[in-house]
Amino acid sequence: MARIGFIGLGVMGWPMAGHLKKKGGHDVTVYNRTAAKAAQWVREHGGAQAPTPREAANGCDFTLTCVGNDDDVRAVILGENGALAGLKPGAVLIDHTTASAALARELHAQCKKRGIGFVDAPVSGGQAGAVNGQLGIMCGAEPADFDRAQPVLDVYAKMCALIGGPGSGQLAKMVNQVAIVGQLQGLSEALNFGKRAGLDMEKVVSVISKGAAQSWQLENRWKTMVEGKFDGFGFACDWMRKDLNIALTEAKRNGSPLPGTALIEQYYGRLSSAGHGRWDNTALIDLLARE
């Protein structure tokens, strides 16, 4: 059993922290910007609630963060009341937020000065993966820090791997998101085409899902896409758009052309402008269905 601080109880963080408490048997203290949500988590799972990130991290062996973006990460880690101020030498800070590689390297440097390990560990698998403890976790860290963190991460991981040095986890997550939206755009066009052609899409999918067109998105999302159902589940369009902008910024830095990704980011912008930013990111097909 380890003493663990968990910061950020959103749709991903809530079940992840719960696995650490109930499945992992760890002593977990949580912090959330909305204190009432942290209090609710404690009522359901046990553990303790802290009034600041610093106090959530105080005396912990590991502190994990799962918040929204670079600015949110800085807000809960840096500063007088940030987690870094409460961490003891020898502890490990693990950031599950999908953020920039530059921020990961910055935090690694800050932690190293204080004798604290750091792992950037963005996840893939969505809310269902978090709830079921079946996440893919892409890590960037020094090997010794990863080795210490892995038993904690394995509590809710289907696969947890060290990709490379600090920032590599975030770069791998960018690869993941670019791959997903490319698949979703192609799938949207294919399903919309088949539907307009008057085909029985259930029969079509039953065949193509056994061949080279097979994908997780096809098998798990084709039906909701064809039926135009996007609300109340999955990974929101606004979240994917945020992640794509991180990837596009990095692509400018390293010279990688991402023409398709740039176009798809604009499509998500159109969905957001229409008030559908919280729809599942498979809603790309909705744009085609309306044309």
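**Cores, helix packing and selected residues**

In this predicted model, the largest nonpolar core has 34 residues, and the members touching the most others are Phe6, Leu64, Ile137 and Tyr156. In general terms, nonpolar side chains of soluble globular proteins tend to be buried together.

Phenylalanine 6 is a good place to start. Beyond its neighbours within four places in sequence, phenylalanine 6 is in contact with two other residues of that well-connected group, Leu64 and Tyr156. The remaining contacts of phenylalanine 6 are Gly13, Met16, Ala17, Leu20, Val28, Thr29, Val30, Tyr31 and Cys66. A second core, separate from this one, is made of 23 residues, among them Val181, Phe230, Met240 and Leu244.

Isoleucine 137, also among the core residues that touch the most other members, is placed in strand E8, which spans residues 135–141. With a relative accessible area of 2%, below the 20% cut-off, isoleucine 137 counts as buried. Leaving aside neighbours within four places in sequence, the contacts of isoleucine 137 include Tyr156 and Leu153. His96, Ala121, Pro122, Val123, Ala157, Met159, Cys160 and Ala161 are also in contact with isoleucine 137. Aspartate 120 lies 17 residues from isoleucine 137 in sequence, and their C-alpha atoms are 9.6 Å apart in space.

Leu153 leads on to helix H8 (residues 143–153), where it is one of the buried residues, together with Asp145, Phe146, Ala149 and Val152. These buried residues lie on the same side of H8, because the arc they cover around the axis is only 110°. Turned away from that buried side is a face carrying the exposed residues Pro143, Ala144, Asp147 and Pro151.

Threonine 29, one of the contacts of phenylalanine 6, belongs to strand E2 (residues 27–31). Its relative accessibility is 14%, so threonine 29 counts as buried. Apart from neighbours within four places in sequence, threonine 29 is in contact with Ile4, Gly5 and Phe6, and also with Ala48, Gln49, Ala50 and Ala56.

Turning to helix packing, helix H9 (residues 168–196) and helix H12 (residues 237–254) have axes that come within 9 Å and cross at roughly 115°. The crossing of H9 and H12 is left-handed. On the H9 side, the contact is made by Leu171, Lys173, Met174, Gln177, Val178, Ile180 and Val181. H12 contributes Met240, Asp243, Leu244, Ile246, Ala247 and Glu250. By class, nine of the residues in this contact are nonpolar, one is polar and three are charged. Val181 of H9 and Met240 and Leu244 of H12, which take part in the contact, are also included in the second core.

Two further helical residues fall into other accessibility classes. Glutamate 202, in helix H10 (residues 201–208), has a relative accessible area of 52%, over the 50% cut-off, and is therefore exposed. Glutamate 202 and glutamine 170 are 32 residues apart in sequence, with a C-alpha to C-alpha separation of 36 Å. Alanine 109, in helix H6 (residues 101–113), counts as partly exposed at 36% relative accessibility. The C-alpha atom of alanine 109 is separated by 13 Å from that of valine 92, 17 residues apart along the chain.

Terms used. Residues are numbered from 1 along each chain as its sequence is written. This is a predicted model: local features need pLDDT of at least 70, side-chain atom pairs count only at pLDDT 80 or more; totals for chains, interfaces and linings use all residues. Side-chain values use heavy atoms; hydrogens and water are left out. Axes are lines fitted to C-alpha atoms, for helices over the stretch in contact, and angles run from 0 to 180 degrees between N-to-C directions. Helices (H or I, at least four residues) and strands (E, at least two) are DSSP runs, numbered from the N terminus. A crossing is left-handed if the near helix is turned anticlockwise from the far one by less than a right angle, and right-handed if clockwise. Contact means heavy atoms within 4.5 Å. Ala, Val, Leu, Ile, Met, Phe, Trp, Tyr, Cys and Pro count as nonpolar, Asp, Glu, Lys and Arg as charged, and the others, Gly among them, as polar. Buried means under 20% relative accessible area, exposed over 50%, partly exposed in between (1.4 Å probe, protein chains only). The arc is that of the directions from the helix axis to the C-beta atoms. A nonpolar core is a set of buried Ala, Val, Leu, Ile, Met, Phe, Trp, Tyr and Cys residues joined through side-chain atoms within 4.5 Å.
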